[in-house]
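Please open the model in your viewer, switch to a cartoon display, and keep the selection box at hand. Each stop below names something to select and then says what can be found there.

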Amino acid sequence: MGKILVIAEKPSVGRDIAKALGAVKKGDGYLYGEKYVVSWAIGHLLTLCDPEDYEKSLKKWRAEDLPIIPENIKLKAIKETESQLNILKSLMNSSRIESIICATDSGREGELIFRYIYEYVKCSKPFERLWISSMTDKAIKDGFASLKAGSEYDSLYKSAKCRSEADWLVGINASRAYTLKYDSLLSIGRVQSPTLNIVVERQKEIDAFEVKEYYEVIADYGNFEGVWFLREFTETKIFEKEKAEEKAKKVAGKKGVVERIENEEKRIPPPLLYDLTELQRDCNKKFGFSAQKTLSVAQDLYEKRKMITYPRTDSRYLSDDMVQKVGSILRRLKNTEEYKDCLEYVFSLKELPFSKRIIDNAKVTDHHAIIPADCNFNTGRLTNDEKKVFNLIVLRFISVFYPVYVYNITRVIVKCLEETLISKGTTVLSEGWTALYKGIEEKGKKQKKDDEAIIPPLKEKQEIQIISAKAVKKKTTPPKPYTEAGLLSAMENAGRFIENEGIKEAIKDSGIGTPATRAAIIERLLTVGYVVRKGKSIIPTEKGRKLMDVLPEELKSPKTTGRWEKGLSSIAKGKMQEERFMESIKKFVYFLVDNANKSGIDVVFEEERKGRSKGSLGKCPVCGKGEIFENSKAFFCSGWKRGCNFTVWKNSLDSYGNTVDSKMVKNILKYGKAEGVSCTLPQTGEKGAADIIINTKLSGGIEITNFKRL
């Protein structure tokens, strides 16, 4: 009997699975035991072919070649990881292997990684699917005990394939069409463009905002304050200084009468469990983490630490078959020093208060909400960032079993000489779930004055002395720029930007991108120079704003990308044929190229090459004709307008703990490599030194060779 080949998405995950299966013997790029052989990809091993791979003449960007729509979009190996692809090819087609188990990440991209490999190596062996939400040994073994037929995920693969090909078609054609039209290198994407538009539109609101001075009349009662307001409109602003001072003078030193006291009890239930987007929002608000950093930390907590469940989820609920597991997780948390006090209330309950806000099968998608894994928690080994993220996940998990937060809003209306004054105060009646969050404040967040106000006991018709009153000058404030937390919310709730109610309803469950891709979209906008970070704010650059001026509404609108995301979701659910979706994408590509050709919008993009270094760093190794220059984001060839795509991004080595600089590039161009560059392997965390070379076949892709551990 032949062996079963298990293919994981990353080496670290492959090793964990191999350990759980007892496959501990080492091979070249795989581990094996009596029954199983476990190997892995290294993320994506394959990518879609470039236009010049279909026809060499397409390497040069020419308007007459557009649109570029291959009859069949093909795959090619990523050079840096081709050796591992060859190992998988040999294993998958080996007579020793009887069947295969797909164990890549349990999501759309994970499915795509495996299926692309399966298709590329022309494998025809039967395969099953491992679908798990936790990386503990128990979860892995339970997953292998309940494998699914690979065919059950055919629709998910079709959705992933459509997403990949749609992004390629729109990106390649739109980027070339508008670059040629406006003589400036423009990166355009199906998802990044509407995201950029959200940021740009907010900036336009800020720029168009006219700051106005106004006054508020503040009355001092001795132990609390009141504000003059116009009852008909509940308006406190007075735009004439004289009028404000007149009203202040009128009531100062006089007695008023309590006309009305309003008490309103508010009850706020615990928040829902985390999905990835909500976790990213909270980490940005509380710790200033970027969306990408939160995702990276959460992925480490899932893969390396095995202390949380699958993080790339868009669900905030659990399924009903998890009730017993929830109890087990809570008991394990109670055994930790950090959380035992938080759980005293929960364990004092006769039974856990499961509700539709926690358990709802209908709202669980491919994965349930992010919760702690069912394991023994060793928080002492976590980094500071990991502790912060893990703590949020644990507190959210515990909080859903806590009682509601109850507070009382008091409004007191005082009348004095026909003028009305209002006082507001908040009294907490029961802290409920909020008690868990004391000490975890959002960065830079200030307590609202209303929340601090304490209003003494009063009765209606009671006289009250106004000790003094003054007119306080204030200014109207413009909308705030987006933070990453705010932008994530805008991407998730793209439908709110749509006026047509029918379309808004149709895409209410969709948005721009997915929880797993939104962080990468924001990082892409930063990388290509369309937005910049200023503190916690995301601000569009001049180039980003001008790009939005020239693109058609159809590409900028969340309506379009929301419909696409809904279509991809429908394909994944087996409710739409992929051919129908791709036909709509191809029609859209024709529209974009035609729009670029006919565009009469007169916009001039500043020559971004002006920001380059003083001189050439060397001859271009790709085209052999141009010179290599530097700008703020990358190193590029002066022959880019002639079709040379040489680009080395400065952040190419970020995941290896280093940065590409001009000295490194100069050495590579002169000597063929930069020697002894310090780096840390992202898969294992091992530190060492390596040689850096440029792969000319990848138009300037960075490669790491001769890595030596320190």
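Begin by selecting residues 11–21, which make up helix H1 in this predicted model; the helix lies across strands S1, S3 (30–32), S4 (36–40) and S7, and it runs at about 165° to S4.

Now add the strands beneath that helix to your selection and widen the view to the sheet they belong to, an open sheet of seven strands in the order S2-S3-S4-S1-S7-S8-S9, in which the pairing is mixed. Strand S2 (25–27) and strand S9 (148–149) stand at the edges and have a single partner strand each, so one side of each is left without a neighbour in the sheet. Inside the sheet, pick S1 (residues 3–8) and S7 (residues 97–103), which run parallel and are joined by six bridges; if you click on Ile-4, its bridge partner in S7 is Ser-99. As background, strands of a sheet pair through backbone hydrogen bonds, either parallel or antiparallel.

Next, turn to the side chains and show Met-92, Ile-100, Ile-117, Tyr-178, Leu-547 and Phe-581, which touch the most other members of the largest nonpolar core, a group of 85 residues. Colour helix H6 (residues 154–182) as well, since that helix gives the most to this core, with 12 residues. A second, separate core has 68 residues, and among them are Ile-4, Met-135, Tyr-339 and Val-400.

Which residues is Ile-100 in contact with, leaving aside its neighbours within four places in sequence? The contacts of Ile-100 include Leu-5, Ile-7, Met-92, Phe-114 and Tyr-118, and also Lys-125 and Glu-128.

Move on to another open sheet of seven strands, ordered S15-S12-S13-S14-S11-S10-S16 and paired in the antiparallel sense. At the edges stand strand S15 (463–465) and strand S16 (468–475), each with a single partner strand, so one side of each is left without a neighbour in the sheet. If you look along this sheet, neighbouring strands are turned by 40° against each other on average, direction ignored. Select S12 (residues 255–268) together with S13 (residues 405–416) to see two antiparallel strands joined by 11 bridges, where Glu-265 has Asn-408 as its bridge partner in S13. Then add helix H8 (residues 241–251), which packs on the sheet and touches S10 (213–220), S11 (225–228), S13, S14 (419–430) and S16, while its direction makes about 155° with that of S16.

The following stops concern the backbone. Most residues other than glycine have a negative phi, and most peptide bonds are trans. Select Leu-66 and Pro-67, because the peptide bond between them is cis, with omega near 0°, whereas most peptide bonds are trans; Pro-67 has its place in the loop between helix H2 (51–54) and strand S6 (75–77). Asp-183, in the loop between H6 and helix H7 (192–208), has a positive phi of about 55° although it is not a glycine, and at 44% relative accessibility it counts as partly exposed. Leu-417 lies in the loop between S13 and S14, has a positive phi of about 50°, and is partly exposed with a relative accessible area of 47%.

Finish with residues 674–680 and 687–695, strands S24 and S25, which run antiparallel and are joined by five bridges; here Ala-674 has Ile-692 as its bridge partner in S25. S25 also pairs with strand S26 (residues 701–709) in the antiparallel sense over seven bridges, and Ile-693 stands opposite Glu-703 in S26.

Methods: Residues are numbered from 1 along each chain as its sequence is written. This is a predicted model: local features need pLDDT of at least 70, side-chain atom pairs count only at pLDDT 80 or more; totals for chains, interfaces and linings use all residues. Side-chain values use heavy atoms; hydrogens and water are left out. A nonpolar core is a set of buried Ala, Val, Leu, Ile, Met, Phe, Trp, Tyr and Cys residues joined through side-chain atoms within 4.5 Å. Buried means under 20% relative accessible area, exposed over 50%, partly exposed in between (1.4 Å probe, protein chains only). Helices (H or I, at least four residues) and strands (E, at least two) are DSSP runs, numbered from the N terminus. Contact means heavy atoms within 4.5 Å. Two strands pair if DSSP finds at least two bridges between them. Axes are lines fitted to C-alpha atoms, for helices over the stretch in contact, and angles run from 0 to 180 degrees between N-to-C directions.
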